[in-house]
Amino acid sequence: MWDALLSAGSQTLQPGVVWAVVCALPVGLLFGLLPGLSGLTAMAVLIPFVYGMDGFAGLAFLLTAHAVVSTGGSVTAILLGIPGSPPNAATVVDGVPLRNAGFGGTAVGAALTASAVGGVFGALVLLVLLPVLRPVILMFGPPETFLLSLMGLTFLAAVGAGSPAKGLFAGAFGIFISFIGYEPVSGVPRYWFDYDYLLDGLRLIPLALGLFAIPELVALASGGSLEQSKGDLPGKQLFDGCKAVFSRMGLVLRSSAIGSIIGIIPGVGGETAPFVAYAAARQSDKNPERYGTGIIEGVIAPEASNNAKEGGALVPTLVFGVPGSSGMALLLGAFLVLGLQPGPNFLRDHLDIGLGLVLILAVVNVLAAGLMLALTPLLARVVNVPPRLLVPFLLTLALLGAYSTENNMQDVLFTFVFGAVGLACVRFGFNRAALLLGFVLGPAVERYLEIALNIYGPAFIVRPICLILIALMVIALAAPKLTARLRRRPA
Amino acid sequence: MKPISALIAAAFLAGSSLTAAAADESAADYYKNETIHLIVGTGPGGGFDQYARLLAPELGKVTGATVVVENRPGGGGITAINQVASAEADGLSVMLINGVPAALGQITDAPAVRFKLQDLPFLGRVAAEPWVLLASKESGYTSLKDMVAAGKDGKTLSFSGLGRVDGPTDTAAVVCESLQLKCNLVVGFKGSSEASLAAIRGDVTGMAVTDRSARDYSQDGSLVPIAVIGHKHSKLLPDVPTIFEAVDVPQDGAFWIDFRASIVDIGRALITTPGTPDDRIEYLRGAFEKVLSDPELVKTAEDRGLPIDYASGADVQATVDKIFGNLPEDKLSEIRNVLLSKYF
């Protein structure tokens, strides 16, 4: 192991690899900053460049670009209220109120620092788990995946501010629209109205952009201007943000762990990690009602988890050739292009490459946060741009992002449709993050419940990990009530 | 609106007179300086995209045309075939299709299918991968013979898959039908790799995949390749017997294997729009033959993990005609029953 680690270290420092990382880092951050362009798009655009690269440099190139996307996206989420990539949607919930209160710099500083710490944590988890990965992943079959997704759904009411009933309603609506298209198991098409586009279901990127970007742009265009940071200099605020992260290490580590676990399990979908981390932070907080009003914990939790999940998602990709996220599916393609076959024997034959990827992941997360921190004072000036210039520019970018995922104009159309839904949500106080979470988790719950029943019958519920997950779910649901009662008693 | 529609009409007129003029020239002259859209029904990065991006520049060199790869994901590739099938018949839209889901989608009357494969002009086949049945190590079976014996004792065998007619599941279904096994097909997995994980874990008895995936998954013995579902051996797994060598396939069972194998023979095939002038179809067939039999390209492709198994457009057309030409209605409904409902 140590030999392999040393050899991995020396590989990582080869000029070709360093060069690849230096080139890919700004590309990934840019794709994150621009709304709608996701890590997936970054990877798809960059794949042609790896032909002819040395194997490890090529992988480092792609992994770097993909891993730092959500770091860049957090800045857009906070400064503009538009998630730079779908995983940043949860950051908007508390990031925007913080910005409006004049603490945009602090929020950005905290988000970037949390991203860096989460990313390093994810890499460490990967490192520790490398030798024992196989059994860990095999323990999580369809029944466990079902219960994990269900657990995510129990957090629906806890995501963001506002009334829990409205949160649940928004979540239910998200689940409902996730039913459009082929049913995952039987293949029966639902609610498709003879319209081919709907057969594949509604798409995530137009949904996320419509829900979050359009209402923000409408508000800007109709006279509102972005709140200016007041008081402290941006530099001082950024530093405060960093400090805030380090004084809440418990929260950071727990959120990172949630991100890693969700990343490791192939079926759950990495997009849910930040929501679950956010909801878990809220559930375990003494004053959950503060969440959504602009508190720093609401920014730290999702950002730590969404960088940690990439380390987790690498696990099944390397060990089974089963991608843990859609980005990893493309990375898997790149492995094959480079003549490497991830799978059971990969780590035995190429342990140094596996460890090298861990190192890259850890280093680029820190570099990305550093670079963004340095650039933020410059980026923050975007709030000084008059809306009449900013709105058309951002709208173009957002629609370009929606179009570019599938080169499909209908995605642009649906961005506007969801934009209307988003506006209605804002107007009537329904929780957009809950809607998105329901949309992402609904199909997973449905799919894995059916598969689990097909394989094990209803008895799947008594598998050991399932029992643990059920217990956790009950505790999470009951905890706020219980702690409240316990606190009241001594008084 | 009036002037605009007049303009459009004028454009159409001009366009149609241009195509009429073009037909007089030779097809080779026609394609020079034209733009050919090489369409794939998947997003960037996957196997089909990589094949297309490999072929595009070579096709450009041979024809003198500009060849652009276009990704049109959706409906498992079906949506893009619909679009190409109803495009303008100018021979400038060429698509690399996935033969298995296209043919099975048509046979099972899938909701979005709006084409008939037998009406599409085929330009050639880039690759075709034989399908292999794998047994989970956890299941304890090491050969198809064992499995059949257990099946005869009344044991239910289970196989994992994605949808019903996109590869793994329908392969397992025809094996069950031809060998008259009691089977339960566990579908709904998100990708073939996730389905393979279920087999590795021992949740199911096994699964069917292409020979390339079979080679990768069987590296460490957690999945064991037990039979090629067809008459020919796989080049990648030469030691794995065909289903006919592994067990005695009942006489009327052989139909199912042959049926599935002929669909595999369509493979990753190139099509264009029906109604394209014959000389252009012939020209494109020739161009693809030139590209795909260039040893240098074949080597580059193999190095990238994209094996080439060329068949001429006429051959693929014959395969398609054979599949759809003599299927009586009652056989068709029997096939639908086996693929869509019998084993679920």
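## A tour of chains A and B

Begin by selecting strand E5 of chain B, where Trp131(B), Leu133(B) and Ala135(B) on one side and Val132(B), Leu134(B) and Ser136(B) on the other are all buried, so that both faces of the strand are covered; a residue is called buried if 20 or more other C-beta atoms, placed from the backbone, lie within 10 Å of its own, exposed if 12 or fewer do, and partly exposed in between. In a regular strand the side chains alternate between the two faces of the sheet. The strand spans residues 131–136, and six of its six residues are buried.

Before moving on, note that this is a predicted model, in which local features need pLDDT of at least 70 and side-chain atom pairs count only at pLDDT 80 or more, while totals for chains, interfaces and linings use all residues. Residues are numbered from 1 along each chain as its sequence is written, and chains are lettered from A and ligands numbered from 1 in the order in which they are written. The element labels follow DSSP runs numbered from the N terminus, with helices (H or I) of at least four residues and strands (E) of at least two.

**The partners of E5(B)**

Keep E5(B) selected and add strand E8 of chain B, residues 206–210, which runs antiparallel to E5(B) and is joined to it by five bridges; two strands are said to pair if DSSP finds at least two bridges between them. Within this pairing, Val132(B) has Val209(B) as its bridge partner. Next add strand E9 of chain B, residues 223–228, which pairs with E5(B) in the antiparallel sense, again over five bridges, and there Leu134(B) has Pro225(B) as its bridge partner.

**The six-stranded sheet of chain B**

Now select the open sheet of six strands in chain B, whose order is E2-E1-E3-E10-E4-E11 and whose pairing is mixed. Strand E2 (66–71) and strand E11 (311–312) of chain B stand at its edges with a single partner strand each, so one side of each has no neighbour in the sheet. Within the sheet, strand E3 (residues 93–98) and strand E10 (residues 268–272) of chain B pair in the antiparallel sense over five bridges, and Leu96(B) stands opposite Leu270(B) in E10(B).

Two helices can be added to this view. Helix H4 of chain B, residues 78–85, packs on the sheet, touching strand E1 (35–40), E3 and E10 of chain B, and its direction makes about 150 degrees with that of E3(B). Helix H5 of chain B, residues 99–107, also packs on the sheet, touching E3 and E10 of chain B, with its direction at about 85 degrees to that of E3(B). Angles here run from 0 to 180 degrees between N-to-C directions, and axes are lines fitted to C-alpha atoms, for helices over the stretch in contact; two residues are in contact if their C-beta atoms, placed from the backbone, lie within 7 Å.

**Chain B as a whole**

Show the whole of chain B, which has 15 helices and eleven strands. Its radius of gyration, taken over C-alpha atoms, is 22 Å, close to the 20 Å that the globule rule (2.2 Å times the number of residues to the power 0.38) gives for 344 residues, so chain B is as compact as a globular protein of that length. The C-alpha trace of chain B spans about 75 × 45 × 35 Å along its principal axes, and 52% of the 344 residues count as buried.

**Across to chain A**

Select the boundary between the chains, where 33 residues of chain A are in contact with 32 residues of chain B. On the chain A side, the elements that give two or more residues are helix H11 (196–199), helix H17 (326–337) and helix H22 (432–456) of chain A, and H22(A) gives the largest share, five residues. By class, this side has 17 nonpolar, eleven polar and five charged residues, where Ala, Val, Leu, Ile, Met, Phe, Trp, Tyr, Cys and Pro count as nonpolar, Asp, Glu, Lys and Arg as charged, and the others, Gly among them, as polar.

**Inside chain A**

Chain A has 23 helices and two strands, and buried residues make up 59% of its 491 residues. Select helix H3 of chain A, residues 39–46, where seven of the eight residues are buried, including Leu40(A), Met43(A) and Leu46(A).

Finish with helix H13 (residues 234–246) and helix H19 (residues 351–379) of chain A, whose axes come within 10 Å and cross at roughly 145 degrees. Pro234(A), Gly235(A) and Leu238(A) in H13(A) meet Leu373(A), Thr376(A) and Pro377(A) in H19(A), a contact that has four nonpolar, two polar and no charged residues.
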